[in-house]
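Please find below a colleague's note on the structure shown here. The points are numbered and may be read alongside the model.

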Amino acid sequence: MALPEVVSREQWLEARTRLLAEEKALTRRRDRLNAERRMLPMVRVEKDYVFDGPGGKVSLAGLFGECGQLVVQHVMFGPGWDAACPSCTEATNELTDALVTRLRSRNTAFAMVCRAPLAKIEAYRVGRGWTVPWYSSYGTD
């Protein structure tokens with residue numbers, strides 16, 4: 001790997017100042033884009049999506065619980081797979097009860113969904129000591 005050129009402090013400061021201006025412009029543009037995304041119109045979900053969960057069947061609306069917002073994390077774990085995707089598994093390792101509680105305190109529910117049957121999900125979840133809410137869309141569209 002090639003290393004950057006070694007320069008004087010003044011040259012570095014000039015280059016850093018120039019880059020900082022570009023970084024700030026990019027941040028402002030990203031903030032505007034995020035605001036535009038948040039203001040996109042909504043679409044009413046007419047279909048009655050139903051998931052299998054540890055407590056039985058749950059509708060999409062049921063995943064919200066008492067919250068006004070819902071974050072759904074799709075986990076790549078297909079019906080014929082023995083395990084979830086390694087990257088999804090590592091990401092799930094970082095999810096904590098504290099995070100889910102913090103989201104809930106902000107009127108936001110969290111649920112993971114994958115296509116594997118519930119029995120596979122539960123075995124995988126319990127085997128890793130995960131408590132995050134996880135549902136199956138197996139056999140549905």
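**The hairpin and its setting**

1. Strands E1 and E2 make a hairpin, and 2 residues lie between them. The model in which this hairpin appears is predicted.

2. How are the two strands of the hairpin joined? Strand E1 covers residues 50-53 and strand E2 covers residues 56-59; the two run antiparallel and are connected by 4 bridges. Within this pairing, Phe51 is found opposite Val58 in E2. As a general point, side chains in a regular strand alternate between the two faces of the sheet.

3. The student may next place the hairpin in the whole chain. The chain contains 5 helices and 5 strands. Read from the N terminus, the order of the elements is α-β-β-α-β-α-α-β-α-β. The chain is more spread out than a compact globule, because its radius of gyration is 22 Å, well over the 14 Å that the globule rule gives for 141 residues.

4. Along the principal axes, the C-alpha atoms of the chain occupy a box of roughly 65 × 40 × 30 Å. Of the contacts in the chain with a separation of 6 or more, 56% are between residues 24 or more positions apart.

5. How much of the chain is buried? Of its 141 residues, 24% count as buried. The exposed area of the chain is about 10600 Å², of which carbon and sulfur atoms supply 57%.

6. Finally, the charges deserve a remark. The chain has 20 positive and 17 negative charges, and the mean positions of these two sets are 4 Å apart.

Technical notes
Residues numbered from 1 in each chain as written. Predicted model: local features only at pLDDT ≥ 70, side-chain atom pairs only at ≥ 80, totals over all residues. Heavy atoms only, no water. Rg over C-alpha atoms; globule rule 2.2 N^0.38 Å. Buried < 20%, exposed > 50% of the residue type's maximum accessible area, 1.4 Å probe, protein only. Contact = heavy atoms within 4.5 Å. Areas by Shrake-Rupley, 256 points an atom, 1.4 Å probe, with all protein chains shown as cover. Lys, Arg positive; Asp, Glu negative; His and termini not counted. Charge placed at Lys NZ, Arg CZ, Asp CG, Glu CD. Pairing = 2+ DSSP bridges.
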